[in-house]
Amino acid sequence: MSNALSALQGAKFDGLVKVADAGLQGMITLRGDFADAKLQAAVKEATGHDLPQQRAMALQGDTGVAWMSPDELLLLVPYAEAHACVAGLRAALAGTHHMVENVSDARAFIALSGADGLVREVLAKVVPVDMDPQHMPEGQMRRTKLAQVAAAIWMQAPGEARVVCFRSVGTYAYDVLCTVAAPNSGVGFYAS
Amino acid sequence: MLTLHCPYCGVHADETELASGGEAHLKRFGPGASDEEFEGYLFMRENPKGVHFERWRHAYGCGKWFLAARCTNTLEVFGTYPAQTTEPPQHVRDAISAKRPGWKWREFS
């Protein structure tokens, strides 16, 4: 068995906020018909959560489910369990129109932590999203463009944000976030 | 800057998140069509100064196609609606009529 490495291999940066590799996280892409009872049951079985509403996500520890589009979900599971979880989903959804794939190793996972206002500000510098707590509350998944690449972002807790992007652009996303989190680059747009 | 409401995500997506897909409501003419119809389908496009209907894709978001009615002159957006629609829905037509009385675009008005 090869030794699994996260895309950024533990990189860390301490500036306006802390930018760090969030480590290995099991991620599963699931596409299908949300109205299908079999799919709803399979998601509940795999993550312990109900199907999320539009743009919502539910997360407990490193297990959760996020709404990606009207027919796509991102399931978060512990890294080591991803393969078994995919096999379980395939078995549960046999005969239903669906697609399920383990994408854990295709992604880079970045954590931002610090004062809530500054974390929001650092993201707001590179995404075309209103990062105000009213528009980007915790428990909301937002897929958008981070500088020049596609990314999914969410607020995990006050002062804790997560960024997911393709592994091939992981270093780029990390470098961009470190640049906009440079010390003394604070604007103070959001209240901390 | 153009900001369009994605009918699938429910977010106000910035232009940089979107990919433009050209004119909306094109009717395909394929095998069996006359040369004029086929030429019109392939090449003839509206280029209005004013009300226009376009296809857009939320490329960096949900990845879905949707249609938008907007003014090319002022960038005012009258409404967006799912791509599985063969003609502008009534509420979008009403929104345009309220701002641009007597508007006309191809066979719609």
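# Exercises on a predicted two-chain model

A:Gln9 sits in the segment that comes before strand β1 (12-14) of chain A. The model is a predicted one, and the exercises below start from this residue before they turn to helices, whole chains and the contact between the chains.

**Exercise 1.** Determine whether A:Gln9 is buried or exposed, and find what is unusual about its phi.

*Solution.* Begin with the surroundings of the residue: A:Gln9 has 10 other C-beta atoms within 10 Å, and a residue counts as exposed if that number is 12 or fewer, so A:Gln9 is exposed. Next, consider the backbone, keeping in mind that most residues other than glycine have a negative phi. A:Gln9 has a positive phi of about 50°, although it is not a glycine. Finally, look along the chain to A:Gly23, which is 14 residues apart from A:Gln9 in sequence, while the C-alpha atoms of the two are separated by 7.5 Å.

**Exercise 2.** Locate A:Ala147 in chain A, and describe its phi and its exposure.

*Solution.* The first step is the location, and A:Ala147 is found in the loop between β9 (142-146) and β10 of chain A. The second step is the backbone, where phi of A:Ala147 is near 55°, a positive value in a residue other than glycine. For the last step, the count of other C-beta atoms within 10 Å is 16 for A:Ala147, which means that this residue is partly exposed.

**Exercise 3.** Describe how helices α1 and α2 of chain A pack, giving the angle, the distance and the residues that meet.

*Solution.* Two packed helices are described by the angle between their axes and the distance between the axes. Helix α1 (residues 37-47) of chain A and helix α2 (residues 82-92) of chain A pack at an angle of about 155°, and their axes are 10 Å apart. Since angles over 145 degrees count as roughly antiparallel, α1(A) is roughly antiparallel to α2(A). The crossing of α1(A) and α2(A) is right-handed. On the side of α1(A), the residues are A:Lys38, A:Ala42, A:Glu45 and A:Ala46, and they meet A:Cys85, A:Gly88, A:Leu89 and A:Ala92 in α2(A). Sorted by class, this contact has five nonpolar, one polar and two charged residues.

**Exercise 4.** Explain why helix α3 of chain A can be called largely enclosed, and name the elements against which its buried residues pack.

*Solution.* Helix α3 (residues 116-124) of chain A has nine residues, and seven of the nine are buried, so the helix is largely enclosed by the rest of the structure. The buried residues of α3(A) are A:Gly117, A:Leu118, A:Val119, A:Arg120, A:Glu121, A:Val122 and A:Leu123. These buried residues pack against three strands and a helix of chain A, namely β8 (107-113), β10 (149-157), β11 (160-166) and α4 (170-180).

**Exercise 5.** Set out the secondary structure, the radius of gyration and the share of buried residues for each chain.

*Solution.* Take chain A to begin with, whose secondary structure comes to four helices and 11 strands. A compact globule of 192 residues would have a radius of gyration near 16 Å, and the 17 Å of chain A agrees with this. Buried residues make up 40% of the 192 residues in chain A, and its C-alpha trace spans about 55 × 40 × 25 Å along the principal axes.

Chain B has two helices and six strands, which follow the pattern β-β-β-α-β-β-β-α when read along the sequence. The radius of gyration of chain B is 14 Å, close to the 13 Å of the globule rule for 109 residues, so chain B is as compact as a globular protein of that length. Of the 109 residues of chain B, 23% count as buried, and the C-alpha trace of chain B spans about 40 × 35 × 25 Å along its principal axes.

**Exercise 6.** Describe where chain B touches chain A, and place A:Ser69 in that picture.

*Solution.* Counting residues, 11 of chain B are in contact with 10 of chain A. The side of chain B that touches chain A divides into four nonpolar, four polar and three charged residues. A:Ser69 belongs to strand β5 (residues 63-69) of chain A, and with 19 other C-beta atoms within 10 Å it is partly exposed. Leaving aside its neighbours within four places in sequence, A:Ser69 is in contact with B:Tyr8, B:Cys62, B:Gly63 and B:Lys64.

Conventions
Residues are numbered from 1 along each chain as its sequence is written. Chains are lettered from A and ligands numbered from 1 in the order in which they are written. This is a predicted model: local features need pLDDT of at least 70, side-chain atom pairs count only at pLDDT 80 or more; totals for chains, interfaces and linings use all residues. The radius of gyration is taken over C-alpha atoms; the globule rule is 2.2 Å times the number of residues to the power 0.38. A residue is buried if 20 or more other C-beta atoms lie within 10 Å of its own, exposed if 12 or fewer, and partly exposed in between; C-beta atoms are placed from the backbone. Two residues are in contact if their C-beta atoms, placed from the backbone, lie within 7 Å. Ala, Val, Leu, Ile, Met, Phe, Trp, Tyr, Cys and Pro count as nonpolar, Asp, Glu, Lys and Arg as charged, and the others, Gly among them, as polar. Axes are lines fitted to C-alpha atoms, for helices over the stretch in contact, and angles run from 0 to 180 degrees between N-to-C directions. Angles under 35 degrees count as roughly parallel, over 145 as roughly antiparallel, 65 to 115 as roughly perpendicular and the rest as oblique. A crossing is left-handed if the near helix is turned anticlockwise from the far one by less than a right angle, and right-handed if clockwise.
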